[in-house]
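I am opening my notebook on a structure that is new to me. Come along as I look things up, one entry at a time.

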Amino acid sequence: MAESVALDPVDLHILRLLQNDARTTYRELAAEVGVAPSTCLDRVTRLRRSGVILGHRLALDPARLGRGLQALLMVQVRPHRRELIGPFVERIRALPESLALFHLTGPDDYLVHVAVTDMADLQRLVLDEFTSQREVARVETRLIFQQWECGPLLPPAQGRQASDAG
């Protein structure tokens, strides 16, 4: 597990602002958090180098791209062995319908978030790309009615860490 990085209130404010809008300029960030633009640039550079900031992503609306139906697929792989897992993961990640892939504990080995055009496309995806694979023992499908973004993600509050531990 990666070590956590010490962050002060200015760092936390910068992270909160960037998570809400990654296109915020250094000048705007600096004005908002009350530091010089050069200081803001240095802090963001340090946050990138330390691995706190992993990158910037473009959020797209799947429905506007013709993929108006989203689902979660719970997938059980048998046997659950390393030599099958790597190729399985790479195949699923390469599918244009795949939005996210999670390796899990419990009865299901993987959770796959997909976006498809309609129910027929979802059926095709499950039958042709999942259950047709010899290592896939079971696929359970859940349709997503609605989803919300959460966050921003910040480190646990010092007071909560102490009270959660006791």
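**Entry: Glu97**

I began with Glu97, which I found in the loop between α4 and β2 (98–103). One reminder to myself: this is a predicted model. Is Glu97 buried or exposed? Its relative accessibility is 7%, so Glu97 counts as buried, the cut-off being under 20%. I then looked up what Glu97 touches, leaving aside its neighbours within four places in sequence. The list I wrote down is Arg67, His113, Val114, Ala115, Val116, Arg124 and Leu125.

**Entry: helix α5**

Leu125 turned up again when I moved on to helix α5 (residues 119–131), where it is one of the buried residues. The others I noted there are Asp121, Leu122, Val126 and Phe130. Where do these buried residues fall when α5 is seen down its axis? They fall within an arc of 135°, so they line one face of the helix. I jotted a general reminder beside this: an α-helix has 3.6 residues a turn, so residues three or four places apart point the same way. Turned away from the buried side of α5 is a face that carries the exposed residues Ala120 and Gln123. Next I asked what covers the buried residues of α5. The cover includes two strands I wrote down together, β1 (69–77) and β3 (110–116), and also α4 (82–94) and β4 (136–144).

**Entry: Ala137**

From that cover I picked strand β4 and looked up Ala137, which is found there. With a relative accessible area of 47%, Ala137 is partly exposed. Neighbours within four places aside, Ala137 is in contact with Gln76, Val77 and Arg78. I also checked a distance: the C-alpha atom of Ala137 and that of Asp21 are separated by 41 Å. Along the chain, these two are 116 residues apart.

**Entry: two cis bonds**

Arg78 led me to a peptide bond worth a note. The bond from Arg78 to Pro79 is cis, and its omega is near -5°. Pro79 sits in the loop between β1 and α4. I found another cis peptide bond joining Gly151 and Pro152, with omega about 10°. Pro152 belongs to the loop between β4 and α6 (158–165). For background, most peptide bonds are trans.

**Entry: α1 with α2**

Then I went to the start of the helix list. How do the axes of helix α1 (residues 9–20) and helix α2 (residues 26–33) lie? They come within 10 Å and cross at roughly 130°. That makes α1 oblique to α2. The crossing of α1 past α2 is right-handed. On the α1 side I listed Val10, His13, Ile14, Leu17 and Leu18, which meet Leu29, Glu32 and Val33 in α2. Sorted by class, this contact of α1 with α2 has 6 nonpolar residues, 1 polar and 1 charged.

**Entry: α1 with α3**

My last lookup was helix α3 (residues 37–49), whose axis comes within 11 Å of that of α1. These two axes cross at roughly 80°, which makes α1 roughly perpendicular to α3. From α1, the residues Val10, Asp11, Ile14, Leu15 and Leu18 take part. They meet Cys40, Arg43, Val44, Arg46 and Leu47 in α3. How many charged residues does the contact of α1 with α3 have? I noted 3 charged, 7 nonpolar and no polar residues.

Definitions and conventions
Residues are numbered from 1 along each chain as its sequence is written. This is a predicted model: local features need pLDDT of at least 70, side-chain atom pairs count only at pLDDT 80 or more; totals for chains, interfaces and linings use all residues. Side-chain values use heavy atoms; hydrogens and water are left out. Axes are lines fitted to C-alpha atoms, for helices over the stretch in contact, and angles run from 0 to 180 degrees between N-to-C directions. Helices (H or I, at least four residues) and strands (E, at least two) are DSSP runs, numbered from the N terminus. Angles under 35 degrees count as roughly parallel, over 145 as roughly antiparallel, 65 to 115 as roughly perpendicular and the rest as oblique. A crossing is left-handed if the near helix is turned anticlockwise from the far one by less than a right angle, and right-handed if clockwise. Contact means heavy atoms within 4.5 Å. Ala, Val, Leu, Ile, Met, Phe, Trp, Tyr, Cys and Pro count as nonpolar, Asp, Glu, Lys and Arg as charged, and the others, Gly among them, as polar. Buried means under 20% relative accessible area, exposed over 50%, partly exposed in between (1.4 Å probe, protein chains only). The arc is that of the directions from the helix axis to the C-beta atoms.
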